[in-house]
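Visitor: I have a protein to go through before my next meeting. Could you walk me through the structure?

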Amino acid sequence: MTSKAHALSLKILAECSTTKARACHMTLPHSIVETPVFMPVGTQGTLKGLLPEQLEELDCKIMLGNTYHLGNRPGPELLEKAGGLHKFMNWNRSLLTDSGGFQMVSLLKLAEITEEGVKFQSPHDGSEMMLTPEKSIEIQNSIGADIIMQLDDVVHSSTTGERLEEAMWRTIRWLDRCIKAHKRPHDQSIFPIVQGGLDPELRKKCAYELIKRDVNGYAIGGLSGGEEKQDFWRMVSLSTDILPDDKPRYLMGVGFAVDLVVCAALGCDMFDCVFPTRTARFGSALVPSGQLNLKSKIFSSDFRPIDDQCKCSTCKNYTRAYLHTIVTNETVACHLLSVHNVAYQLNLMKSVHDSIKEDKFPQFIKAFFIQQFPNKDFPQWAIDALDSVNVKLNDNKSDNGKSSVVLKNKDTDSSNIENSKIS
């Protein structure tokens, strides 16, 4: 099944016979992306600590750029002269840009949100600036990303009442302005964003309104902002129930391994988060059993790689002992851990994709959770979310060896593991 415009087409390769997960090929102007996919976040045209060619070596097919930061520096005029961000940063694969609106709320002293747009103070000279739906699209057209986002009215996930409903309806009105302002629909796909906070009825109204528009895909926004996980997964599942099967579904700001696996089961195709590179800066390495805190003294004479099943350049060439020695003290440590952590996220989603194609995703889920939580102290929200798509985490029935599709990690010494338990 494909969308009308040639800027994006989605081919569903397989659908899980148990959950809402599906394995797809998403064809974009610059690459074919296997989904479910994790997209690393490169704020200003680069991931912190990684070169574009290193991302290619990790077989990353799509990454994010940040419209607000790129719009300030180098700016849309220079990007247009350079031929867009792809050429400017020497990246030949796909890009997705956000709308810039989130930064106006999260990073800056917010002045006012009106029907016109977001009015705020410039962090550079304190002058008053206005980001409108039209301006957001203008900047994103200059950047030239394969997928661009509408400007939405962003509120905290815990917001309730009139302000939440106002933001939801304004997001829909701003979408229509974004679509009208979009000058490159044949090579850039604009994604609307489902809003409505934690109110099921508002989420439904928003999703049903958005699917009336002729677009190539959809995003689920307004979550991962500190809300209870039980509320989080229900809003995700409600959204995927409504959004069309023949178009990609992008869950914004989600990057913890447990969340990725659960939300793939709930029907999401695309994810992004700064988590892999941010946690690397604190000396933490991602592994199938959770996280390794490489600052810990127990690694001072551990001459194994981070993960002996990982084929990234860090695991091929460096030991835990070496990383322990330099972690948080030398910038190269952040670089080496970022390479590994991004590789872990990409490999995890590749395994999810493959297990769906083999129709072994439920077995994969169970094996994944046993590795993350060997004592079977699974988070209740994950138990409930997976139960809603017919996967019983606490079911003791044998899987007859089918769980071998999970990423393996031979390091089972619990003294060396800092489990990443998301509660």
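**Surface, core and annotated site**

Guide: The protein exposes about 17,700 Å², and carbon and sulfur atoms supply 49% of that area. Please keep in mind that this is a predicted model.

Visitor: How many helices and strands are there in the protein?

Guide: There are 16 helices and 17 strands. Of the 423 residues, 57% count as buried. Among contacts between residues at least 6 apart in sequence, 68% join residues at least 24 apart.

Visitor: Which residues touch the most other members in the largest nonpolar core?

Guide: Those are L251, F271, F361 and F369, in a core of 108 residues. Helix 14, residues 331–357, gives this core its largest share, twelve residues. The core also draws at least three residues from each of domain 1 (9–278) and domain 2 (281–386).

Visitor: What is F369 in contact with, leaving aside neighbours within four places in sequence?

Guide: With those neighbours left aside, F369 contacts V258, V261, V262, F378, P379, A382, L386 and L393. Apart from the largest core lies another one, of 21 residues, which includes L64, L96, F191 and Y250.

Visitor: V258, V261 and V262 appear in that contact list. Which helix has them among its buried residues?

Guide: They belong to helix 10, whose buried residues are A257, V258, D259, L260, V261, V262, C263, A264 and A265.

Visitor: Why is helix 10 described as largely enclosed by the rest of the structure?

Guide: Helix 10 spans residues 257–265, and nine of its nine residues are buried, so the helix is largely enclosed by the rest of the structure.

Visitor: There is an aspartate in that helix, D259. Is D259 buried or exposed?

Guide: D259 counts as buried because its relative accessibility is 3%, and buried means under 20%. Its side chain is joined to that of K229 by a polar contact of 2.3 Å.

Visitor: What comes just after helix 10?

Guide: G267 is found there, with a positive phi of about 105°.

Visitor: Changing topic: which residues does the UniProt annotation "binding site" cover?

Guide: According to the unreviewed UniProt entry, the "binding site" annotation covers D98, S99, G100, G101, F102, D152, Q195 and G222.

Visitor: Let us take two of them, F102 and Q195. Where is F102 placed?

Guide: F102 is in helix 5, residues 101–106. With a relative accessible area of 46%, F102 is partly exposed.

Visitor: And where is Q195 found?

Guide: Q195 is in the loop between strand 12 (193–194) and helix 8 (200–210). At 5% relative accessibility, Q195 counts as buried.

Visitor: What is Q195 in contact with, neighbours within four places in sequence left aside?

Guide: Its contacts beyond those neighbours are D152, M168, T171, L202, R203, C206, G221 and G222. D152 and G222 are also among the residues covered by the UniProt annotation. The side chains of Q195 and D152 are joined by a polar contact of 2.7 Å.

Visitor: R203 is in that list. What separation is there between the C-alpha atoms of R203 and L238?

Guide: These C-alpha atoms are separated by 7.8 Å, and the two residues are 35 residues apart along the chain. L238 is in helix 9, residues 229–242, and counts as buried at 13% relative accessibility. Not counting residues up to four places away in sequence, L238 touches P200, R203 and K204.

Visitor: Now some backbone details. Which residues does a cis peptide bond join?

Guide: The cis peptide bond joins T35 and P36, with omega of about 0°. P36 is in the loop between strand 3 (31–35) and strand 4 (37–40).

Visitor: What is the phi of D359?

Guide: D359 has a positive phi of about 55°, although it is not a glycine. D359 lies in the loop between helix 14 and helix 15 (361–372), and it is partly exposed, with a relative accessible area of 35%.

Visitor: And N390: what is its phi?

Guide: The phi of N390 is near 75°, a positive value in a residue other than glycine. N390 is in the segment after helix 16 (380–387), and at 53% relative accessibility it counts as exposed.

Key. Residues are numbered from 1 along each chain as its sequence is written. This is a predicted model: local features need pLDDT of at least 70, side-chain atom pairs count only at pLDDT 80 or more; totals for chains, interfaces and linings use all residues. Side-chain values use heavy atoms; hydrogens and water are left out. A nonpolar core is a set of buried Ala, Val, Leu, Ile, Met, Phe, Trp, Tyr and Cys residues joined through side-chain atoms within 4.5 Å. Buried means under 20% relative accessible area, exposed over 50%, partly exposed in between (1.4 Å probe, protein chains only). Helices (H or I, at least four residues) and strands (E, at least two) are DSSP runs, numbered from the N terminus. Domain bounds come from an automatic or database domain assignment. Contact means heavy atoms within 4.5 Å. UniProt positions are given in the numbering used here, feature names are shortened, and annotations may be inferred rather than shown by experiment. A polar contact is a pair of N or O atoms within 3.5 Å; within protein, one must be able to donate a hydrogen and the other to accept it, and residues adjacent in sequence count only if both atoms are side-chain atoms. Accessible areas come from the Shrake-Rupley method with a 1.4 Å probe; for residues, only the protein chains shown count as cover.
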